[in-house]
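Welcome! Work through the exercises below with the model open beside you, and try each task before reading its solution.

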Amino acid sequence: MYSIGDKIAYLRKKIGLKQEELAEELEISRQSLLNYETEKRQIPIDILSKIAVFFKIPIEAFFLDDYDEFKEVKTNNSTIKIPIISRASAGLGVYGRDEILDWLEISKSIAKNATFATFIDGDSMEPNIHDDDLVLVQEVSMLDSGEIGIFFLNDDVYCKKFQYNEFTKEIILKSINPKYKPKEITSEDDFRIIGRVVAVFDYTI
């Protein structure tokens, strides 16, 4: 499986574009493009769509190994299998079941230390994460404020943005979609952090 970042860099270099030049065409910073090419940051689907339009290729090509445009791309073929478990909630909450639904074979460079994958149900994290997107999750017990994670809360599992106030010790789970209210965690709640979202995929592609 080829790295999406490697493919972007390959297309850019093939026509002699510098990172600054492509970044300007995409209306993003050079640092953002560098992060996407090196896979230090996940690339938003709207930016990937702009790149596909710019290079006149279908966006699906970035997720395929046999597309002619990328046969010269050199990559590390080392892969890992990650379990796909039942859906996490990005909306009103779905009961968290731990059974394995399938296995996802993915390159280690894309996996980014993920330990499992799960589908998103709901639109509360749009436009960053959509209904039916597959998220890769790294199991951790603590997050930095502002990170997106998967959380267990009172028998439900949620995908939200984590906010922690060091002074008041208050924890709030926030949606990106403004039509959803934040969830304030109290001492009466059964709450724990399941993991950090490290990548997002449209699994239907």
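**Exercise 1: An aspartate in a loop**

D133 sits in the loop between β4 and β5; helices (H or I, at least four residues) and strands (E, at least two) are DSSP runs, numbered from the N terminus. The model is a predicted one, in which local features need pLDDT of at least 70, side-chain atom pairs count only at pLDDT 80 or more, and totals for chains, interfaces and linings use all residues. Residues are numbered from 1 along each chain as its sequence is written, and side-chain values use heavy atoms, with hydrogens and water left out.

Task: Decide whether D133 is buried or exposed, and find which backbone nitrogen its side chain reaches.

Solution.
- Step 1: Apply the cut-offs: buried means under 20% relative accessible area, exposed over 50%, partly exposed in between (1.4 Å probe, protein chains only).
- Step 2: The relative accessible area of D133 is 9%, so D133 is buried.
- Step 3: The side chain of D133 comes to 2.8 Å from the backbone nitrogen of H130.
- Step 4: While you are in this loop, look at P127, which also lies between β4 and β5. The peptide bond joining E126 and P127 is cis, with omega about 15°.

**Exercise 2: How far to trust the model**

Task: Find which element has the lowest mean pLDDT and which the highest.

Solution.
- Step 1: Recall that pLDDT is the predictor's confidence in each residue, from 0 to 100.
- Step 2: For the protein chain the mean is 82, and 82% of the residues reach 70 or more.
- Step 3: Among the elements, strand β2 (residues 94-95) is lowest with a mean of 40, and strand β8 (residues 171-174) is highest with 96.
- Step 4: Over residues 89-97 pLDDT stays under 50, and there the model has 34 contacts (heavy atoms within 4.5 Å) beyond four places in sequence.
- Step 5: Where pLDDT is low, the predicted coordinates should not be read in detail.

**Exercise 3: The chain as a whole**

Task: How many helices and strands does the protein chain have, and what share of its residues is buried?

Solution.
- Step 1: The count gives 5 helices and 10 strands.
- Step 2: Of the 205 residues, 44% are buried.
- Step 3: Among contacts with a separation of 6 or more, 62% are between residues 24 or more positions apart.

**Exercise 4: A lysine without a salt bridge**

Task: K160 belongs to strand β7 (residues 156-164); which side chain does K160 join in a polar contact?

Solution.
- Step 1: Define a salt bridge as a side-chain nitrogen of Lys or Arg within 4 Å of a carboxyl oxygen of Asp or Glu.
- Step 2: K160 is buried and has no salt bridge; D123, the nearest side chain of opposite charge, is 8.1 Å away. For charge, Lys and Arg count as positive and Asp and Glu as negative; His and the chain ends are not counted.
- Step 3: A polar contact is a pair of N or O atoms within 3.5 Å; within protein, one must be able to donate a hydrogen and the other to accept it, and residues adjacent in sequence count only if both atoms are side-chain atoms.
- Step 4: The side chain of S175 is the partner of K160, at 2.7 Å.

**Exercise 5: Following the salt bridges**

Task: How many salt bridges does the whole structure hold, and which residue pairs with D123?

Solution.
- Step 1: The search returns 5 salt bridges.
- Step 2: D123 pairs with K179, at 3.1 Å from N to O. This pair links distant parts of the chain, 56 residues apart: D123 in the loop between β4 (116-121) and β5, K179 in the loop between β8 and β9 (183-185).
- Step 3: D123 counts as buried at 19% relative accessibility, while K179 counts as exposed at 57%.
- Step 4: R196 and E147 form another salt bridge, with closest N and O atoms 2.9 Å apart. Because R196 is in strand β10 (residues 191-201) and E147 in the loop between β5 and β6, the pair ties together parts 49 residues apart in sequence.

**Exercise 6: A valine and its distant neighbours**

Task: V140 lies in the loop between β5 (134-139) and β6 (148-153); which residues is V140 in contact with, leaving aside neighbours within four places in sequence?

Solution.
- Step 1: V140 has 17% relative accessibility, so V140 counts as buried.
- Step 2: The contacts are with I193, I194, G195 and R196.
- Step 3: For V140 and G195, the C-alpha to C-alpha distance is 4.7 Å, although they are 55 residues apart in sequence.
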